[in-house]
Amino acid sequence: MAGESNLESREQLKASIESLRIRLHEADQAIDAIRSGLIDALVLDGPGKQQVFTLKGAETPYRSFVEHMQEGAVTMSMDGSIMYCNRRFAEIVDLPLEHLVGCSFADLSTDPSAVTTLLTHAEWGASRGELTLLKAKTSGVPVFASIQRLSGEGADLCMVVTELTDIVAARLLVSELEQRVIERTSDLAASNLELQGFTYSVSHDMRTPLRAMVSNAQMVIEDEADKLSEDGKRQLRSLSNAAIKMAQLVDDLLQFARLGGSELCIEPADLGQLAFRAAEEITPLHPGCDLQLSVAPMSLVDCDPRFIGMVLQNLIDNSCKYRNPGLPARVEIGTEELQGEKVFFVRDHGIGFEMQYVHKLFMPFERLHRDTEYFGTGIGLANVKRAIERHGGRVWAEGELGVGAKFSFTLPPAPDSLR
């Protein structure tokens, strides 16, 4: 009985070994078939059902992606022979697919040496650069080529080609616009020189006869007083006042022109010192004015002292001019913070203005008062606005009739190029 049992065990063992040999042989055949591409899928018994694993199907999404991508795709050997390309690349060079496979990529370029350089660099890794590909009825198609060396059997190189026609056209447009800007800047510089020559002529040729008109009118009034009627004296005084206003208008217009053409010279400046200096220049122009100037301590500000000095001079002058009759001109200069921004202000307690007319304040030649009430040319606040905007800042005004006016402005940090 023991011998029969051992015999059965040996037979079962032989059967198991034979079964394993058969399964191993089948596995070897399957592997050989996979390598040779004869098998498209594997069907394996899984838990409760059979499972299908597609081999060739794994490549399908990638091939579909390459065929539908917006860039050209090319695979080729190390010598540049095309082994495959997608339809987009064929569209770029306007040639049939069947004519491209097998040809040299260098033959498709207007500069074969540039292709050779890219292929050489690709031997050590990624290589990229701009090329111009041949295309019928055109001067060539500009492209950006990116080449990557592949590992494994088959093609040695993979290249993605992006057409740059629109980009090159944009570059040409930018270059053309830059040239226009250069030409326009040159024309403006020439016009600016002409304007400077004109303003120089105005400053000399117009001031002289105006001064002569004022002095002669005054001499006639003094020397011929007994021969002139009161009406004659009044007309001569009117002539003299008109000439004085004309001279002031010429000066203001010259200053307005200089503000637009002069280069900024930015440096740290003390607005308090600029304000007191402006007050010293303004006081003699208003003999009956008791100017009481209060300036709050403030840090140095990056600005052009000439321009900002002129701003303070105009604003202080307005405070003296538009003061309440019989009262001193009290002017406060300081800083405050509005929405995280530092703001400078010049506030007075004069006659003020109605806010419905605030939009007219900074416009040239716009005035809220008649000459018979307050003398002026209507250029001063326009100069203030222009000077502040040249610094990249903003200026605005608030007022109340009979209470006073407050002019505020900002001076943002100057760029390094202007320091």
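Helix α9 opens with a small polar contact: at its start, a side-chain oxygen of D270 comes to within 2.8 Å of the backbone nitrogen of G272. Bear in mind that the model looked at here is a predicted one. The helix covers residues 271-282, and for its 12 residues a rise of 1.5 Å a residue gives an expected span of 16 Å; the end C-alpha atoms are indeed 16 Å apart, so the two agree. Several residues of α9 are tucked away: L271, G272, L274, A275, A278, A279 and I282 are buried. Looking down the axis of α9, these buried residues fall within an arc of 160°, so they line one face of the helix. That pattern fits a general rule: an α-helix has 3.6 residues a turn, so residues three or four places apart point the same way.

L271 also turns up in the largest nonpolar core, a group of 41 residues, where it is among those with the most contacts, along with L291, V311, I333, F407, F409 and L411. Helix α10 (residues 305-321) gives the most to this core, namely 8 residues. As for F409, leaving out residues up to four places away in sequence, its contacts are L271, V311, V343, F344, I388, R394, V395 and W396. There is a second, separate core too, with 25 residues, including F105, L118, L119 and V161.

After α10, the loop leading to β11 (329-338) holds N324. Is N324 buried or exposed? With a relative accessible area of 18%, N324 is buried, because the cut-off for buried is under 20%. Its side chain reaches the backbone oxygen of G350 at 3.3 Å, and N324 also touches H349, I351 and G402, among others.

Technical notes. Residues numbered from 1 in each chain as written. Predicted model: local features only at pLDDT ≥ 70, side-chain atom pairs only at ≥ 80, totals over all residues. Heavy atoms only, no water. Helix = DSSP H or I, 4+ residues; strand = E, 2+ residues; numbered from the N terminus. Expected span 1.5 Å × (residues − 1). Buried < 20%, exposed > 50% of the residue type's maximum accessible area, 1.4 Å probe, protein only. Arc of directions from axis to C-beta. Polar contact = N/O pair within 3.5 Å; in protein donor to acceptor, adjacent residues only side chain to side chain. Core = buried A, V, L, I, M, F, W, Y, C linked by side-chain atoms within 4.5 Å. Contact = heavy atoms within 4.5 Å.
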